[in-house]
Structures are given as structure tokens and as C-alpha cells.
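Me: I would like a close look at one part of this model, the charged side chains that pair with each other. Please put that part in the setting of the whole chain.

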Amino acid sequence: MVKVLVRDNNVEQALRVSKRKSQKEGLFREMRERERFEKPTTRKKRLKGEAVRREKKRQSKQKMVFGF
């Protein structure tokens, strides 16, 4: 649950903070995923692809830091 305090009746700033917190928490992504049904095999394939991308990104960062 995202909670945002409104200070000095500054609603615009509170909305920006709320949007940023929701984005960071992954709320928008989850809403997009739940819009329609995804078959279990498609979901598994998507999750595996995401894991592969994360691992490649981690390895490339490690290669930049350590040089191998």
C-alpha cells in the first residue's frame, strides 16, 4: 500500500510522489499484466526471458567492474 502525505495543501507534489512510489513498487506493471489472461506456458516463457535478460545485464556490469 502506497501512502503519501499532503503537506501545505500541495496536491500536485503529492501526486508526483505517489506516482513515483507506485512506479517503483511495480503497481503499473502488475495492472498491465492483469488486464488479460496469460496462458501458463506463455507466462513461464516470459518469466524465463526476463531472468535471462537480468542475468546478462548482471554479467555485463560485473565485466565492466572487474574486467573479465
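To begin with the setting, what area does the chain expose, and what share of it do carbon and sulfur atoms supply? Then go through the network of salt bridges, residue by residue.

Reply: The model is predicted. The chain exposes about 7,100 Å², and carbon and sulfur atoms supply 55% of that area. Of its 68 residues, 4% count as buried.

The fold consists of three helices and zero strands, in the order α-α-α along the sequence. The radius of gyration is 18 Å, well over the 11 Å that the globule rule gives for 68 residues, so the chain is more spread out than a compact globule. Taken along the principal axes, the box filled by the C-alpha atoms is roughly 50 × 40 × 15 Å.

Now to the charged side chains. Side chains of opposite charge can pair when their charged atoms come close. The structure holds seven salt bridges, and a network of them links R29, E33, E38, R46 and E50.

One of the pairs is R29 with E50, where the closest N and O atoms are 2.6 Å apart. R29 belongs to helix α2 (residues 27-33) and E50 to helix α3 (residues 40-66), so this pair ties together parts that are 21 residues apart in sequence. The two partners fall into separate burial classes: R29 is partly exposed, at 42% relative accessibility, whereas E50 has a relative accessible area of 14% and counts as buried, because the cut-off for buried is under 20%.

E33 and R46 also meet in a salt bridge, with an N to O distance of 3.5 Å. This pair, too, links distant parts of the chain, with E33 in helix α2 and R46 in helix α3, 13 residues apart. E33 is partly exposed, with a relative accessible area of 33%, and R46 is likewise partly exposed, at 23%.

R46 has another partner in E38, and here the closest N and O atoms are 3.0 Å apart. E38 has a relative accessible area of 25%, which makes it partly exposed. R46 therefore takes part in a salt bridge with E33 and in one with E38.

For the empty space, the largest pocket holds about 150 Å³. Its lining comprises K3, V4, L5, V6, R7, N10, Q13, A14, V17 and K21. By class, that lining has five nonpolar, two polar and three charged residues.

Methods: Residues numbered from 1 in each chain as written. Predicted model: local features only at pLDDT ≥ 70, side-chain atom pairs only at ≥ 80, totals over all residues. Heavy atoms only, no water. 1 Å grid on protein atoms, 1.4 Å probe; cavity = no way out; pocket = protein on both sides within 12 Å on 5 of 7 lines; lining within 4 Å. Points joined across faces, edges and corners; volume = space filled by probe spheres on them. Nonpolar A, V, L, I, M, F, W, Y, C, P; charged D, E, K, R; others polar. Helix = DSSP H or I, 4+ residues; strand = E, 2+ residues; numbered from the N terminus. Rg over C-alpha atoms; globule rule 2.2 N^0.38 Å. Buried < 20%, exposed > 50% of the residue type's maximum accessible area, 1.4 Å probe, protein only. Areas by Shrake-Rupley, 256 points an atom, 1.4 Å probe, with all protein chains shown as cover. Salt bridge = Lys/Arg side-chain N within 4 Å of Asp/Glu carboxyl O.
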